[in-house]
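Biologist: I'm new to this one, so could you walk me through it? Let's have it on screen before we start.

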Amino acid sequence: MHSGRAERRDKLMDKAILLAVAASVCTATASLCQRRGAMDNETAGFDARLLVRLARQPAWLLGIAAMIGGFVFQITALRYGDLSQVQPILAAELLFVFGYLAIAGTRRVTGRDLLAAAGMSAGIGVFLRLAAPSGGRLHAPGSSWLLAGLVTAGLVAVALAVAFGLGRRPGAPRSRRAAVLGAATGISWGFMAAVIKELSTHLGGGPGAVVSTWSLYVLLAAGAVTMLLASHALAAGPLAASQPGFTILDPLAASLLGVFLFGEHIRTDAAALAGEALALAVVVAGAAVLSRSSLITGENAPPSGRHQPAPSSAASASPATCPPAGHAVRRLARG
């Protein structure tokens, strides 16, 4: 009897892993396509019309389709697996992004870049694996959700203040602003993952149960805000700057919310804490290496021949396709 339950649990976890990998492929493709669509619409500050302009870019729309596919895979994975087990797998998105750039980009991705990307992804995965969240409940009280939402909103607001402050400084590196906005987006995505987990528990009840739960409408609202954050992060500077924040802070925030909201327990014994600290050190070291990548440093100065965008006017649209199509990815690697 016990072995039968364990076998069923293993099968469900296998499904969750495969679905999470599929979600990470989709989200990596979405980031590449959306950066391709946003590179001609760079903005130094908040631009309420940015999404309207981006909606005219075929590559951006293709990225939205890939993002929707990633969402479907993610919510299905969370139906079969725990939040703390599924989210670390999504950190593999970073490897897929840098893999695309390494294969198709004209600006060379060095072995050090790929090693740093792999170290960041592995570090976050090892950290969450060592923390080994377990137990927990299916639903969290409303007061906990309110507090989680307020803390998330506060962190995002601070990041926005820093990012837009950088945008007003003459000569401030675009990569730094993109990195801060990427971090804000990652935190917001982590909150969305927790809401998705809540929503996934209602899938078995059919469409009626889904549309009658509050989590669907919170997800739609949070998704709209996160989409706006992601669009500004991708339009602010190179993808290599914003992508680490997307894929590192998302699972970290989601796992912390899993502990706080769903009562999952994290290992705090000496050996686990030492391993967790080492894994986080690898993540920080990887981020430091990527910050000096040619994919970022080559973007700190405005490219010659590209006009500086004005927030009040739309940049001219150009034909766009999505990677791994050669010409689009070559342009993506430069921008």
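Modeller: Sure, and keep in mind that this is a predicted model. Read along the sequence, the chain goes α-α-α-α-α-α-α-α-α-α-α-α-α-α.

Biologist: How many helices and strands does the chain come to?

Modeller: That pattern is written with α throughout. In secondary structure, the chain comes to zero strands and 14 helices.

Biologist: Which helix gives the largest share of the largest nonpolar core?

Modeller: That core has 77 residues, and Phe98, Ile124 and Ala194 are among those with the most contacts inside it. Ala194, for one, touches Leu83, Trp145, Leu257, Leu261 and Phe262, leaving aside residues up to four places away in sequence. The largest share of the core is 13 residues, and it comes from helix H8, residues 174-200.

Biologist: Now H3 and H10: are they parallel or oblique to each other?

Modeller: Helix H3 covers residues 58-80 and helix H10 covers residues 214-236; their axes are 13 Å apart and the packing angle is about 135 degrees. Angles over 145 would count as roughly antiparallel, and 65 to 115 as roughly perpendicular. The pair is therefore oblique.

Biologist: And how many nonpolar, polar and charged residues are in the contact of H3 with H10?

Modeller: H3 brings Trp60, Ile64, Met67 and Phe71, while H10 brings Leu219, Met227, Ser231 and Leu234. Sorted by class, that contact has no charged residues, one polar and seven nonpolar.

Biologist: What share of the chain's residues counts as buried?

Modeller: Buried here means under 20% relative accessible area. Of the chain's 335 residues, the buried share is 50%.

Notes
Residues are numbered from 1 along each chain as its sequence is written. This is a predicted model: local features need pLDDT of at least 70, side-chain atom pairs count only at pLDDT 80 or more; totals for chains, interfaces and linings use all residues. Side-chain values use heavy atoms; hydrogens and water are left out. Axes are lines fitted to C-alpha atoms, for helices over the stretch in contact, and angles run from 0 to 180 degrees between N-to-C directions. Helices (H or I, at least four residues) and strands (E, at least two) are DSSP runs, numbered from the N terminus. Angles under 35 degrees count as roughly parallel, over 145 as roughly antiparallel, 65 to 115 as roughly perpendicular and the rest as oblique. Contact means heavy atoms within 4.5 Å. Ala, Val, Leu, Ile, Met, Phe, Trp, Tyr, Cys and Pro count as nonpolar, Asp, Glu, Lys and Arg as charged, and the others, Gly among them, as polar. A nonpolar core is a set of buried Ala, Val, Leu, Ile, Met, Phe, Trp, Tyr and Cys residues joined through side-chain atoms within 4.5 Å. Buried means under 20% relative accessible area, exposed over 50%, partly exposed in between (1.4 Å probe, protein chains only).
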